[in-house]
There are 2 protein chains.
Amino acid sequence: MGITLKDIAKELKLSTTTISKALQDYPDISAKTKKKVHEYVKKVGYQPSVQAAYLRTKKTKLIGLIIPSTENQFFIEVISGIISEAEKNDYSVIVTISNESQEREKKLIQTLLNRKVDGILMSLTAETVDLSPIREIMNTQTSLILFDRISKLIECSKVHIDDKKMGALATEHLIKKGCKKIANLRGRLIPQNSIDRFLGYKNTLEKYQLDFDPSRVAISQNSSIEDGYELTKKLFEHNIELDSLVCFTDPLAIGALKYINERKIPIPSSIKLVGFGNTLMGSLTNPGITSINQDAVLMGEQAVQLFLREQKDRKLNKNPSFKTIVLKTDLIERETSK
Amino acid sequence: MGITLKDIAKELKLSTTTISKALQDYPDISAKTKKKVHEYVKKVGYQPSVQAAYLRTKKTKLIGLIIPSTENQFFIEVISGIISEAEKNDYSVIVTISNESQEREKKLIQTLLNRKVDGILMSLTAETVDLSPIREIMNTQTSLILFDRISKLIECSKVHIDDKKMGALATEHLIKKGCKKIANLRGRLIPQNSIDRFLGYKNTLEKYQLDFDPSRVAISQNSSIEDGYELTKKLFEHNIELDSLVCFTDPLAIGALKYINERKIPIPSSIKLVGFGNTLMGSLTNPGITSINQDAVLMGEQAVQLFLREQKDRKLNKNPSFKTIVLKTDLIERETSK
DNA sequence: ATCAGTAACTAAATCGATTTAGTAAATGCG
DNA sequence: CGCATTTACTAAATCGATTTAGTTACTGAT
């Protein structure tokens with residue numbers, strides 16, 4: 001079916017070595033020959049076999065991606081950033097979904113390593129405590145880039161958002177709107193983000209001399225819409241005093257809003273709501289949800305850039321140097337807090 | 001780094017041939033040897049190199065996926081069906097996004113063919129008229145499976161939903177709720193689905209002796225939320241008489257609802273709305289959008305099943321026989337039509 | 001004219017599996 | 001017992017590229 005180096009060599013009466021070298025711009029091939037080869041290659045549309053090349057180069061030009069869920073649109077936007085940036089650089093992306101399960105995450109890492117992807121870009125699940133499967137990646141030639149849900153305990157390149165600031169921004173916004181009893185819907189304190197967002201929330205309460213009431217904090221297993229709904233329901237059924245709600249993901253906020261709407265609790269007049277992620281879905285609810293903006297597409301692109309950076313290092317046989325990018329964040333005000 | 005057949009052969013004092021055959025269960029290897037090999041392989045966790053195997057088998061165990069957009073959650077759900085079903089059968093999925101551009105679609109097909117994926121599962125863009133790049137797939141060893149946005153002009157396996165019935169179901173539902181002036185937001189009549197949905201709509205109007213008024217039909221370029229908003233706005237600004245709206249995708253319906261909410265037009269009392277796809281996003285709006293249910297996850301799974309079926313045929317050196325699966329559909333009633 | 005040095009190319013090994021064509025030993029049968 | 005057959009294994013070619021280690025042919029300096 002496909003044209004091979006051999007075919008080209010025969011046609012141009014040269015050796016496969018020469019063709020290969022010409023295409024790779026080796027200095028010991030004359031300009032004239034290079035030109036001839038390039039012209040012919042373009043004419044017949046030859047494309048080298050990635051798999052055959054792998055045997056020698058150990059490069060698959062594949063990126064493995066592990067996202068924890070598809071329900072949070074934030075990750076979907078990150079994916080599209082990653083895919084488009086990867087494509088620009090001739091990489092293809094194998095997408096996998098851990099569904100917030102540490103077990104599956106471990107398996108997926110194995111699959112991707114076995115595929116010999118050049119790099120794994122991943123966001124941890126909300127239950128990842130055993131970091132050994134992730135550390136294992138570091139023992140291979142495969143690069144590891146963490147995005148959004150990172151861990152400080154793993155030394156690798158990372159992109160994430162200034163989570164502490166996000167937590168603070170959301171809380172401060174509500175305080176300035178006159179709220180005093182700010183409840184919090186968050187995930188378990190496992191990925192670093194949760195911890196930082198929570199610190200941002202708590203520190204800001206202190207800063208404004210509001211007391212922190214643990215009964216106002218509800219903890220979600222998987223940050224889903226359903227969890228948001230159920231937790232909000234519980235808060236109300238337990239008659240917890242609150243005038244506002246900071247939700248650490250947009251799905252949680254959407255779930256909370258669903259309950260609030262169902263119960264016809266006036267929003268924003270008697271309760272205010274802030275989400276995180278500024279997802280399309282959160283902006284389309286009625287009323288629209290005020291949300292902390294995270295540039296998901298940019299995050300995806302930056303993750304790929306970090307990966308490419310590492311590939312360059314490795315090509316020069318240097319140990320890759322790690323870099324952490326912290327993306328800026330801001331608050332988009334909508335009807336749930338006006 | 002990784003263990004190779006050679007290593008195992010050396011360790012067990014057998015030839016690589018024997019190891020390879022033992023793992024593939026050839027009849028000319030003794031049961032005793034097979035057992036020994038399997039045990040050792042399990043012990044050391046050997047995994048054959050897919051890329052090396054490709055050179056002889058021409059199988060990459062990769063599926064290429066092309067979806068037209070990430071904005072419509074329907075496709076996201078299809079993706080997760082495809083990924084999970086593929087994984088169960090030891091395939092990995094390269095995900096690409098055509099962004100409703102025929103040009104990009106063409107390029108992506110080339111990339112995937114060059115990657116030598118075993119199959120391409122795709123949903124056409126809303127502007128695909130030139131089918132030659134898609135037909136080209138048929139000339140290769142790569143299987144082609146179309147899902148959702150299919151074309152009757154291409155002979156291959158397909159999964160889609162009974163679009164005519166969907167169009168009819170939505171229209172009939174509104175008629176039974178007393179609507180007489182049913183407007184329609186649809187895409188261009190390019191993928192077969194649009195045509196069929198439109199026929200379902202039109203035929204049902206006739207069936208109930210309501211007249212079809214072309215001015216009530218608004219045509220969207222890319223079935224986006226934005227389009228839904230803008231087209232609905234135009235319908236109202238042009239003072240088109242209507243008491244309800246059938247939107248052929250959920251994003252269109254969400255956009256329409258956004259405008260209706262903004263203008264504070266009472267819904268469902270003065271206007272009713274039906275969407276297509278029954279996406280999570282459409283169910284979470286306020287009011288919730290009545291929508292035609294498409295089992296997106298199942299569609300993804302079935303697409304993979306069709307692909308596996310073809311692979312079996314090809315393995316037996318038979319020309320693959322094509323099969324079309326039409327999924328059932330029903331209507332989920334929510335507040336926009338109650 | 002001689003020899004080192006360079007320019008431009010190629011032969012052959014290699015990557016890690018699969019598969020074809022064989023070989024040696026064990027077995028079956030009259 | 002001798003020959004054909006079966007059993008259980010292996011050597012070597014192969015897939016399509018890359019790369020190391022050469023090999024020519026030519027240039028230029030002495």
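Two strands count as paired if DSSP finds at least two bridges between them. Helices (H or I, at least four residues) and strands (E, at least two) are DSSP runs, numbered from the N terminus.

The model is predicted: local features need pLDDT of at least 70, side-chain atom pairs count only at pLDDT 80 or more, and totals for chains, interfaces and linings use all residues. Residues are numbered from 1 along each chain as its sequence is written, while chains are lettered from A and ligands numbered from 1 in the order in which they are written.

**Exercise 1. The sheet of chain B**

Determine the strand order of the open sheet in chain B, its edge strands and the helices that pack on the sheet.

Solution.
- Step 1. In chain B, 6 strands make up an open sheet of mixed pairing, ordered 7-6-8-9-10-12.
- Step 2. Strand 7 (217-220) and strand 12 (330-332) of chain B are the edge strands, each pairing on one side only.
- Step 3. On average, neighbouring strands of this sheet are turned by 20° against each other, direction ignored. Axes here are lines fitted to C-alpha atoms, for helices over the stretch in contact, and angles run from 0 to 180 degrees between N-to-C directions.
- Step 4. Strand 10 (residues 290-293) and strand 12 of chain B run antiparallel and are joined by 3 bridges. Within this pair, S291(B) stands opposite I332(B) of strand 12.
- Step 5. Helix 9 (residues 192-207) of chain B packs on the sheet and touches strand 6 (182-187) and strand 8 (244-247) of chain B, its direction making about 170° with that of strand 6. Contact between residues requires C-beta atoms, placed from the backbone, within 7 Å.
- Step 6. Helix 10 (residues 225-237) of chain B also packs on the sheet, touching strands 6, 7 and 8 of chain B, and its direction makes about 150° with that of strand 7.

**Exercise 2. A parallel pair in chain A**

Describe how strand 6 and strand 8 of chain A are joined, and place this pair in its sheet.

Solution.
- Step 1. The open sheet of chain A has 6 strands in the order 7-6-8-9-10-12, with mixed pairing. Strand 7 (217-220) and strand 12 (330-332) of chain A form its edges.
- Step 2. Strand 6 (residues 182-187) and strand 8 (residues 244-247) of chain A run parallel and share 4 bridges. I182(A) faces S244(A) of strand 8 across this pair.
- Step 3. Across strand 6 and strand 8 of chain A lies helix 9 (residues 192-207), which runs at about 170° to strand 6 of chain A.

**Exercise 3. Two helices of chain B**

Are helix 1 and helix 2 of chain B roughly parallel or roughly perpendicular to each other?

Solution.
- Step 1. The axes of helix 1 (residues 5-12) and helix 2 of chain B come within 8 Å and cross at roughly 105°.
- Step 2. Angles under 35 degrees count as roughly parallel, over 145 as roughly antiparallel, 65 to 115 as roughly perpendicular and the rest as oblique. The two helices of chain B are therefore roughly perpendicular.
- Step 3. From helix 1 of chain B, residues L5(B), K6(B), I8(B) and A9(B) meet T16(B), I19(B) and S20(B) of helix 2 of chain B.
- Step 4. This contact has 4 nonpolar residues, 2 polar and 1 charged. Ala, Val, Leu, Ile, Met, Phe, Trp, Tyr, Cys and Pro count as nonpolar, Asp, Glu, Lys and Arg as charged, and the others, Gly among them, as polar.

**Exercise 4. The two copies**

Establish how chain A and chain B are related and which elements of chain A touch chain B.

Solution.
- Step 1. A turn of 180° with a shift of 0.0 Å along the axis lays chain A on chain B with an RMSD of 0.1 Å. The superposition is by least squares on the C-alpha atoms of residues with pLDDT of at least 70 in both copies.
- Step 2. The copies are thus related as by a two-fold rotation axis. In chain A, the C-alpha of I94(A) is nearest this axis, 2.2 Å away.
- Step 3. Chain A contributes 32 residues to the contact and chain B 31 residues. Elements of chain A that each supply at least two residues include helix 5 (73-88), strand 2 (92-97) and helix 6 (102-114). Strand 2 of chain A gives the most, with 6 residues.
- Step 4. The side of chain A that touches chain B has 15 nonpolar, 14 polar and 3 charged residues.
- Step 5. Because 97% of the interface residues of chain A are also interface residues in chain B, the copies meet through the same surface.

**Exercise 5. The DNA strands**

Identify the residues that come nearest to each DNA strand.

Solution.
- Step 1. Around DNA strand D there are 24 residues, of which T4(A), S20(A), T18(B), S30(B) and L55(B) come nearest. A residue is near a strand if its C-beta atom, placed from the backbone, lies within 6 Å of it.
- Step 2. Helix 4 of chain A gives the most to the surface near DNA strand D, with 5 residues.
- Step 3. Around DNA strand C there are 24 residues, and T18(A), S30(A), L55(A), T4(B) and S20(B) come nearest.
- Step 4. Helix 4 of chain B gives the most to the surface near DNA strand C, with 5 residues.

Definitions and conventions
Contact = placed C-beta atoms within 7 Å.
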